[in-house]
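Colleague: Could you take me through this structure and show me how to read its features, one after another?

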Amino acid sequence: MARDFGFGQDDKRLDVSKFSPRDGAQDANDRDDLGDRAAERAGFKSREVVERVARVRKPSQPFDQAFVRAPIDVINRFKTFCNDTGMSYGEALDELMRRAKV
């Protein structure tokens, strides 16, 4: 008894000559990083070495300190100015003195 796997004795082969691959909606760039995106979705972390960027410092010059004693509202205004502009205290002092033409 031959095994027909339920297909019977008739030759019912599937004609695949009219099938062709579909053009995907993805372009070549999307296909290139398809594996990376799948890995990210699966939670894999990259083992590539992270490049450490060296900090570029401003030209070195001599520094000194000055202790300023002032009313708290003046100190608060100065700190607010530094926070708003993103300047350090030294940069803010230089900017304010430049504006005052000192």
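Modeller: Let us begin with L14, which sits in the segment before α1. This is a predicted model, and in it L14 is exposed, with a relative accessible area of 67%. Together with V16 and F19, L14 forms a nonpolar patch on the surface, and the three have about 370 Å² of accessible area together.

Colleague: Which element has the lowest mean pLDDT, and which has the highest?

Modeller: As a general idea, predicted coordinates should not be read in detail where pLDDT is low. Here the chain averages a pLDDT of 83, and 82% of the residues score at least 70. Among the elements, helix α1 (residues 28-32) has the lowest mean, 72, while helix α3 (residues 72-85) has the highest, 95.

Colleague: How many salt bridges does the structure hold?

Modeller: In general, side chains of opposite charge can pair when their charged atoms come close. This structure holds three salt bridges. One of them joins the side chains of R37 and D33 at 3.1 Å, N to O; R37 is partly exposed, at 31% relative accessibility, and D33 is partly exposed too, with a relative accessible area of 31%.

Colleague: Which residues are joined with E95 into one network?

Modeller: The side chain of E95 meets that of R98 in a salt bridge of 2.5 Å, N to O, and E95 and R98 are three residues apart in helix α4 (residues 89-99), so about one helical turn separates them. E95 also meets R99 in a salt bridge, at 2.9 Å, and these two lie four residues apart in helix α4. Salt bridges that share partners thus join E95, R98 and R99 into one network.

Colleague: Is E95 buried or exposed?

Modeller: E95 is buried, because its relative accessible area is 14%, under the 20% cut-off, whereas R98 is exposed at 53% and R99 is exposed at 52%.

How values were computed:
Residues numbered from 1 in each chain as written. Predicted model: local features only at pLDDT ≥ 70, side-chain atom pairs only at ≥ 80, totals over all residues. Heavy atoms only, no water. pLDDT = per-residue confidence, 0-100. Patch = residues over 30% accessible without salt bridge, like charges linked within 9 Å, V, L, I, M, F, W, Y side chains within 5 Å. Areas by Shrake-Rupley, 256 points an atom, 1.4 Å probe, with all protein chains shown as cover. Salt bridge = Lys/Arg side-chain N within 4 Å of Asp/Glu carboxyl O. Buried < 20%, exposed > 50% of the residue type's maximum accessible area, 1.4 Å probe, protein only.
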